[in-house]
Amino acid sequence: DSCYLVYMGSAQQTVTAPDGSIVSSQLATAFPSASLDMNGTELILDADGDTSIQASSDDVMVFDTAGSERMQINASGDIGMGTSSPDGGLHVKGISDHAKFILEAGGTAGNNNTIFMQFHVANGTEIASIQVEEGATDSGQIIFKTGGTTEAMRIDNNGDLHIGSTAAATGSSRV
């Protein structure tokens, strides 16, 4: 309810704004036109007006860049990227004949990075996972786990498939 103005390192004035006195047009004029513009239910983020965040009347948030919708969150909480009709949870649609989904470790290459994709039930219990390891000796192996922690299958960095065992199969039993 109070507004504090800090100028030159010290508070200069305290003002309580009357109800309904601050509207989006007043906020928009407080910022340079090239950096922020509020237009009803739309927050315009660039000078030419083609990058914005919109809140529609049907409880949908839409994120536009270069004049095109790129992502939306609907009233159910579903997230659509590349689609305006997300089909539950996270729906990613490529912009051409393919879609690309990248998970990238933040560590240093060759420093035993691991990328996990975990699958959980409603109470948060992990029931399965896919793990990709990168390191000096195991670079690129993919490990599939069930029951949260039990390794069920592995594709090692040589392309060999291991089912029910982490040891490499040899001879005629090699898969």
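Let's start on the surface. Met 81, Leu 90, Val 92, Phe 101, Leu 103, Met 117, Phe 119, Val 121 and Ile 127 form a nonpolar patch there, with about 760 Å² of accessible area together. Two elements give two or more residues to this patch: strand 9 (90-92) and strand 10 (113-120).

Some ground rules. This is a predicted model, in which local features need pLDDT of at least 70, side-chain atom pairs count only at pLDDT 80 or more, and totals for chains, interfaces and linings use all residues. Residues are numbered from 1 along each chain as its sequence is written, and side-chain values use heavy atoms, with hydrogens and water left out.

Now the terms behind that patch. Patches are made of residues with over 30% relative accessible area and no salt bridge; like charges are joined within 9 Å, and nonpolar side chains (Val, Leu, Ile, Met, Phe, Trp, Tyr) within 5 Å. A salt bridge is a side-chain nitrogen of Lys or Arg within 4 Å of a carboxyl oxygen of Asp or Glu. Accessible areas come from the Shrake-Rupley method with a 1.4 Å probe, and for residues only the protein chains shown count as cover.

Pick one patch member. Met 117 lies in strand 10. Is Met 117 buried or exposed? Neither: Met 117 is partly exposed, with a relative accessible area of 34%. Buried means under 20%, exposed means over 50%, and partly exposed is in between (1.4 Å probe, protein chains only).

Next, the whole chain. It has one helix and 14 strands. Helices (H or I, at least four residues) and strands (E, at least two) are DSSP runs, numbered from the N terminus. Of the 175 residues, 15% are buried. The chain exposes about 12300 Å², and carbon and sulfur atoms supply 54% of that. Now contacts, meaning heavy atoms within 4.5 Å. Take those between residues at least 6 apart in sequence: 2% of them join residues at least 24 apart.

On to the open sheet. In what order do its five strands stand? The order is 10-11-12-13-14, with antiparallel pairing. Strand 10 and strand 14 (161-163) stand at the edges with a single partner strand each, so one side of each has no neighbour in the sheet. Neighbouring strands here are turned by 20° against each other on average, direction ignored. For angles in general, axes are lines fitted to C-alpha atoms, for helices over the stretch in contact, and angles run from 0 to 180 degrees between N-to-C directions.

Let's walk across it. Two strands pair if DSSP finds at least two bridges between them. Strand 10 and strand 11 (residues 126-134) are joined by eight bridges. Phe 116 has Gln 131 in strand 11 as its bridge partner. Thr 114 stands opposite Glu 133, also in strand 11. These two strands form a hairpin with five residues between them, and Gly 124 in the turn has a positive phi of about 95°. Next door, strand 11 pairs with strand 12 (residues 141-146) over six bridges. Here Ile 130 has Phe 144 in strand 12 as its bridge partner. At the far end of the order, three bridges join strand 13 (residues 150-155) to strand 14. Arg 154 stands opposite His 162 in strand 14.

Now earlier in the sequence. Strand 4 (residues 42-44) runs antiparallel to strand 5 (residues 52-55), with three bridges. Strand 5 in turn runs antiparallel to strand 6 (residues 61-65), with four. Look at Ser 52 in strand 5: it stands opposite Ile 44. Ser 52 also stands opposite Asp 64 in strand 6.

After strand 6 comes a loop. Ala 66 sits there, between strand 6 and strand 7 (68-73). Most residues other than glycine have a negative phi. Ala 66 is not a glycine, yet its phi is positive, about 50°. Ala 66 is exposed, at 52% relative accessible area.

Last stop: Met 71, in strand 7. Met 71 is partly exposed, at 23% relative accessibility. What does it touch, leaving aside neighbours within four places in sequence? Its contacts are Met 61, Val 62, Phe 63, Ile 79, Gly 80 and Met 81. Met 81 takes us back to the nonpolar patch. Met 71 and Thr 83 are twelve residues apart in sequence, and 7.0 Å apart in space, C-alpha to C-alpha.
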